[in-house]
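Colleague: I have a model open on my screen and would like to learn how to read it. Could you walk me through it?

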Amino acid sequence: MEKFTTLTSVAAPLPETHLDTDVIFPARFLLLPDKKGLGEQLFNERRVNRDGDGPRFVLDTPPWNEARILVTGRAFGTGSSREQAVWALADFGFRCVIAPSFGEIFFSNCFKNGVLPIVLGEAEHADVMAKAEQALPLTIDLEAQEIRFSDGRAIAFDIDPHRKRTLIEGLDEIGLILADDQADIAAFEARQREQNPWLHLTREQLTFFDDVGEELR
Amino acid sequence: MTGRTLYDKVWDSHAVKTYDDGSTLLYVDRHLVQEVSSPQAFDGLKEMGRRLRRPDAHVAVADHAVPTRLRNQPLPDGLAARQVSRLVDNAKAFGVPYIPMNDRRHGIVHVIGPELGFTLPGATLVCGDSHTCTHGAFGAIAFGIGASECETVFATQTIRQTKQKRMRVWLSGAPGPGVTVKDIILALIAKIGTGGGFGHAIEYAGPAIAALSMESRMTLCNMSIEAGSRVGMVAPDETTFAYVKGRPLAPAGAMWDRAVAEWRSLASDADAVFDTEVELDVAAIAPHVSWGTTPEETLPVTGAVPDPAAETDPARRTRLQKSLDYMGLTPGMPLRDIAIDKVFIGSCTNGRIEDLRRAASVLSGRHVAPTVHAIVVPGSAGVRLQAEAEGLDRVFRDAGFEWRASGCSMCVAMNDDRLEAGERCASTSNRNFEGRQGKGGRTHLMSPEMAAAAAVAGRLADVRDLGN
Ligand code: SF4
């Protein structure tokens, strides 16, 4: 996973609240097979006039079409667990999303893809939104946990220390568990087989699936 | 030591280890695998040359993209067919049981998990799908995860998690006529908001819960995610045991007795403390329908479309206006005047046999309005076969409904079942988001009997007005 240390960019302002993952990435595109290229479908239904003369969606309007930071409203990424919402944001070029609150599954999906979600209180959020609307660059410094404005001011943000480390070092969560915790997992399984054996399906139970087929029409 | 909640007990019994930062490596007993969230996870495993730690802990089924008619023909070549065949290939390559579309065990993951006895009390269960909270109805910790997390579960059978706060939703009273658990959960979401359960694991408790069937408990827990919570649970009791007993993958014989003894100890202790408590008097709830584009934008069907001008908070006013614009509604209009084009009865929220029985009882001897196109999509093949054995398919067909095969269907519009732009639907599903049932489609959420009543009336209707 790509490491995240500092990032400087204009931020795209999207002040709407409750932008759920169906709006971020409409369901019919979930049939697409790859992570790559999903930025094309990001906010698809909102981007009605991508390069025409009329008013365009903010992400198709310079300079925000190059933005790597998204500032948006409350309850961003609620709803469906589809990780495509994060893949589409990342493919579009976003590495940081700032909002007053997020859907929980979306929030944790971000960290698996090198995208930093930042939760800000109302006043700070309004501050950052204003800078985004004025197309003033922001610097996200993850190590220092601050958002710096071009006028030198800075806002601090919170982040879970483990998640911070995985982003900064670009760590592979699976690799970490396999390297550090295998013995503990094996010990747990042995204990569970003793204490709660019904949680492990037996060979005999699994024969239930032996005759799966296309018998109904 | 103060008492522990149901959530605490199941959590503690699955904690492999606790890290320095207080997070937990949680053991995962069960993983349901579907076609939308698994391909990238399997790809990741292949790329790294990793294997499944326990192939026996997963079951795979394609539910989102499958068609609900013409199932005797091969899927038309295209993205959906490729997505399904990718799941078939991956399941085979990694040794996971796969249930084909025309198998008698097929269905929506959250319907078949319980049906097969794959879902058990006191277990941990995940799926790359946000409505995994459904399985909490059994007293399991069950939650939706992303595709990357599915990969972690495949490879390690664990997931690193921070414990949620605990919320108890206390339900008292008995529901009035025409009021179902769908109305209760919609009323709860309207009350606490779509962020109300954020950061919390919800436990539904109180006298009204004891009276609920397992299927009703599943409907209740299913929409916990719409209240902002990944986890919604009900403590297992005699109703739970009676449902699980004899299911194909449930423990049997002496093992059953041992399991039940353990499950009886899972209920929250009397002195357990919840971080947040919410109370709801079920007797005071009327049948609900959603009118907007988030599940909290829901009102009793006797109400009227809200007026943004009456909203003092500017952000809320904008949000309200946006919902009304999308939904094509005028402030002050009685909800019962809203005409509909389509009706969808189905989904992991309301696609079970009791749902179909109740909808059929409303439809019996009546007919769908001529302006309405109505479909019923059983949540599983098991539900479909049971309904056919009871003659419910005839009732639906006679009333003018199309009778389909199992799948997610118009809940998510990934197959051919969808709304066209501007079409309005009375739906028993769980999400009324913009475009959820098809680009530009407009969704009103409600119970199966309310959807049946709407089908007959051709507009949103109060099932209590139909009489018997
Ligand atoms: S029925 Fe709808 S909510 Fe349930 S799993 Fe399928 S798409 Fe998701």
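Modeller: Happy to, and please keep in mind that this is a predicted model. Let's start where the two chains meet: across the interface of chain B and chain A, the rule finds 9 salt bridges.

Colleague: What lies behind such a pairing, and which side chains could I look at as a case?

Modeller: Side chains of opposite charge can pair when their charged atoms come close. For a case, go to B:Arg50 and A:Asp172, whose side chains meet in a salt bridge at 2.8 Å, N to O.

Colleague: Which helix of chain B gives the most to the side that touches chain A?

Modeller: That is helix H5 of chain B, residues 147–156, with 7 residues. By class, this side of chain B has 38 nonpolar, 21 polar and 28 charged residues.

Colleague: How many residues does the contact take from each chain?

Modeller: Chain B gives 87 residues and chain A gives 65. The area buried between chain B and chain A is about 6,600 Å², and carbon and sulfur atoms give 56% of that. You can also look for polar contacts there: the rule finds 31 residue pairs across the interface of chain B and chain A, both residues being at pLDDT 80 or more.

Colleague: How many salt bridges does the structure hold over all chains?

Modeller: There are 51 over all chains. A good one to follow is A:Arg95 with A:Glu2, where the closest N and O atoms are 3.1 Å apart. This pair links distant parts of the chain, 93 residues apart: A:Arg95 is in the loop between helix H2 (84–92) and strand E4 (96–99) of chain A, and A:Glu2 is in the segment before strand E1 (6–9) of chain A.

Colleague: Is A:Arg95 buried or exposed?

Modeller: A:Arg95 has a relative accessible area of 9%, so it is buried. Its partner A:Glu2 counts as exposed, because its relative accessibility is 54%.

Colleague: Which salt bridges should I look at in chain B?

Modeller: Try B:Asp103 and B:Arg105, whose closest N and O atoms are 2.7 Å apart. B:Asp103 and B:Arg105 are buried. Then look at B:Arg217 and B:Asp237, whose side chains meet in a salt bridge at 2.9 Å, N to O. B:Arg217 lies in helix H8 (residues 214–222) of chain B, while B:Asp237 lies in the loop between strand E11 (231–233) and helix H9 (238–244), so the pair ties together parts that are 20 residues apart in sequence. At 0% relative accessibility B:Arg217 counts as buried, whereas B:Asp237 is partly exposed at 23%. There is a network of salt bridges to trace as well, linking B:Arg4, B:Asp8, B:Asp12, B:Lys163, B:Arg166 and B:Asp275.

Colleague: Now the nonpolar side chains. Which residues have the most contacts inside the largest nonpolar core?

Modeller: Among them are A:Phe43, A:Leu59, B:Val343 and B:Phe396, in a core of 103 residues. Helix H16 of chain B, residues 448–457, gives the most to this core, with 7 residues. A second, separate core has 78 residues, including B:Met167 and B:Ile285. To see packing around one residue, pick A:Leu59: leaving aside neighbours within four places in sequence, its contacts include A:Ala12, A:Phe43, A:Trp64 and A:Phe94.

Colleague: And what should I look for in the backbone?

Modeller: Most residues other than glycine have a negative phi, and most peptide bonds are trans. Here the peptide bond from A:Pro62 to A:Pro63 is cis, with omega near 0 degrees. A:Pro63 sits in the loop between helix H1 (21–24) and strand E3 (69–72) of chain A. For phi, see A:His18, which is not a glycine but has a positive value of about 55 degrees. A:His18 is in the loop between strand E2 (11–14) and H1 of chain A, and it counts as buried because its relative accessibility is 6%. In chain B, B:Ser409 also is not a glycine and has a positive phi of about 55 degrees. B:Ser409 counts as buried, at 0% relative accessibility.

Colleague: Where is B:Ser380?

Modeller: B:Ser380 is in the loop between strand E16 (373–377) and helix H14 (381–389) of chain B. A polar atom of its side chain lies 2.9 Å from the backbone nitrogen of B:Val383. At 0% relative accessibility, B:Ser380 counts as buried. Leaving aside neighbours within four places in sequence, its contacts include B:His106, B:Glu115 and B:Ser406.

Conventions:
Residues are numbered from 1 along each chain as its sequence is written. Chains are lettered from A and ligands numbered from 1 in the order in which they are written. This is a predicted model: local features need pLDDT of at least 70, side-chain atom pairs count only at pLDDT 80 or more; totals for chains, interfaces and linings use all residues. Side-chain values use heavy atoms; hydrogens and water are left out. A nonpolar core is a set of buried Ala, Val, Leu, Ile, Met, Phe, Trp, Tyr and Cys residues joined through side-chain atoms within 4.5 Å. Buried means under 20% relative accessible area, exposed over 50%, partly exposed in between (1.4 Å probe, protein chains only). Helices (H or I, at least four residues) and strands (E, at least two) are DSSP runs, numbered from the N terminus. Contact means heavy atoms within 4.5 Å. Buried area is the accessible area (1.4 Å probe) that two parts lose on being put together, summed over both. A salt bridge is a side-chain nitrogen of Lys or Arg within 4 Å of a carboxyl oxygen of Asp or Glu. A polar contact is a pair of N or O atoms within 3.5 Å; within protein, one must be able to donate a hydrogen and the other to accept it, and residues adjacent in sequence count only if both atoms are side-chain atoms. Ala, Val, Leu, Ile, Met, Phe, Trp, Tyr, Cys and Pro count as nonpolar, Asp, Glu, Lys and Arg as charged, and the others, Gly among them, as polar.
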